[in-house]
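Biologist: I'm new to reading protein models, and I'd like a close look at a single part of this one. Could you pick a spot in the interior and walk me outward from there?

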Amino acid sequence: MLHSAVINVMVKAARRAGRSLKRDLGEIENLQVSLKGPANFVSLADKRAEQMLCEDLDKARPGYGFIGEEGGAREGADKSHTWIVDPLDGTTNFLHGIPQFAISIGLQREGTIIAGVIYNPANDELYTAERGKGAFLNDQRLRVAGRRKLSESVIACGLPHIGRGDFKLSLAELAEIQPRVAGLRRFGAASLDMAFVAAGRLDGYWERNLQAWDLAAGQIIAREAGGIVSGIEGDDDPLKTGDVICGNEFIHAELVKILKLLGK
């Protein structure tokens, strides 16, 4: 399909870095059998992918700012545009050879995300969206699922792990939501969870304690597929709070009603 110039830039960068990560995934599967494990190798893969993305995006749009998980923030000469990049979302999955990870690229203009690309090189799924132009998986137009009841819905969430997150709050959330839904999933890559909501594979998703690079691309892809994306309060900005709920208008509203009370 025909993309705009800016989406073409993002897709080209994601695909090049994705080829590198896919090669590295093959190495990871070999490293699993070693006693030392693949942790250091993954760190290098992550940084190499971010460097490639930074180079390609900077070459195509010189002067844009850049915020990356590995390299931090870099202000550009163009103060109105910033790339927000996660070179490897789902690092723990990647570390274990699980093919649920992605490159996530969002483009922010004067504080608003205007374009997003999420690419999983393991299965060659490419999600794209541009403000006002819809969301796509490869060449297929995306639309959120139409279910209106939690009891019929499959919902994804994040779970805290060693050294990160509020375990007590997470258990309280699970205790409230798990009995109300058809299924609960934890896939381990925030960008793909949001993309799955956009594709109708999931009916909703929530997670706390995320970073801008986890959310930027997924946020616009879910919204352009007809989804509602907010923080836990229902009308706040997840890029600022780091907490996110998304789904269609009905499932989003149900999740907000439950989760905002638990967080008080």
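Modeller: Let's start at Val244. Setting aside neighbours within four places in sequence, this residue is in contact with Met194, Tyr205, Trp206, Glu207, Leu210, Leu215, Val229, Ser230, Gly231, Ile232 and Pro238. Please keep in mind that this is a predicted model.

Val244 belongs to the largest nonpolar core, which has 34 residues. Together with Ile118, Tyr127, Leu142, Met194, Tyr205 and Ile221, Val244 is among those that touch the most other members. Here is a handy idea to carry along: in soluble globular proteins, nonpolar side chains tend to be buried together. Several elements build this core, with S5, S6, S7, helix H5 (190-198), H6 and S13 each supplying at least two residues. Apart from it lies another core, of 32 residues, including Met10, Ala14, Phe94 and Tyr119.

Now follow the chain to helix H8, residues 249-262. At the N-terminal end of H8, Asn248 acts as a cap, with a side-chain oxygen 2.9 Å from the backbone nitrogen of Phe250. You can check the length of H8 yourself: at 1.5 Å a residue, its 14 residues should span 20 Å, and the end C-alpha atoms are indeed 20 Å apart, so the two agree.

Which residues of H8 are buried? They are Ile251, His252, Leu255, Val256, Ile258 and Leu259. The spacing is worth a thought, because an α-helix has 3.6 residues a turn, so residues three or four places apart point the same way. Covering the buried residues of H8 are, among others, strand S13 (244-247), strand S9 (154-157), strand S11 (204-207), strand S12 (228-230) and helix H4 (167-177).

Helix H4 holds Ser170. Ser170 is buried, because its relative accessible area is 9%, under the 20% cut-off. Beyond its neighbours within four places in sequence, Ser170 is in contact with Leu159 and Pro160.

Finally, turn to the sheet. Eight strands form an open sheet with mixed pairing, in the order S2-S1-S3-S4-S5-S6-S7-S8. Strand S2 (72-74) and strand S8 (140-141) stand at the edges with a single partner strand each, so one side of each has no neighbour in the sheet. Within the sheet, strand S3 (residues 78-89) and strand S4 (residues 102-109) run antiparallel and are joined by seven bridges. One bridge partner pair is His81 with Arg109 in S4. Helix H6 (residues 212-224) packs on the sheet, touching S1, S3, S4, S5, S6 and S7, and its direction makes about 100° with that of S5.

Methods. Residues are numbered from 1 along each chain as its sequence is written. This is a predicted model: local features need pLDDT of at least 70, side-chain atom pairs count only at pLDDT 80 or more; totals for chains, interfaces and linings use all residues. Side-chain values use heavy atoms; hydrogens and water are left out. Helices (H or I, at least four residues) and strands (E, at least two) are DSSP runs, numbered from the N terminus. The expected span of a helix is 1.5 Å times one less than its number of residues. Buried means under 20% relative accessible area, exposed over 50%, partly exposed in between (1.4 Å probe, protein chains only). Contact means heavy atoms within 4.5 Å. A polar contact is a pair of N or O atoms within 3.5 Å; within protein, one must be able to donate a hydrogen and the other to accept it, and residues adjacent in sequence count only if both atoms are side-chain atoms. Two strands pair if DSSP finds at least two bridges between them. Axes are lines fitted to C-alpha atoms, for helices over the stretch in contact, and angles run from 0 to 180 degrees between N-to-C directions. A nonpolar core is a set of buried Ala, Val, Leu, Ile, Met, Phe, Trp, Tyr and Cys residues joined through side-chain atoms within 4.5 Å.
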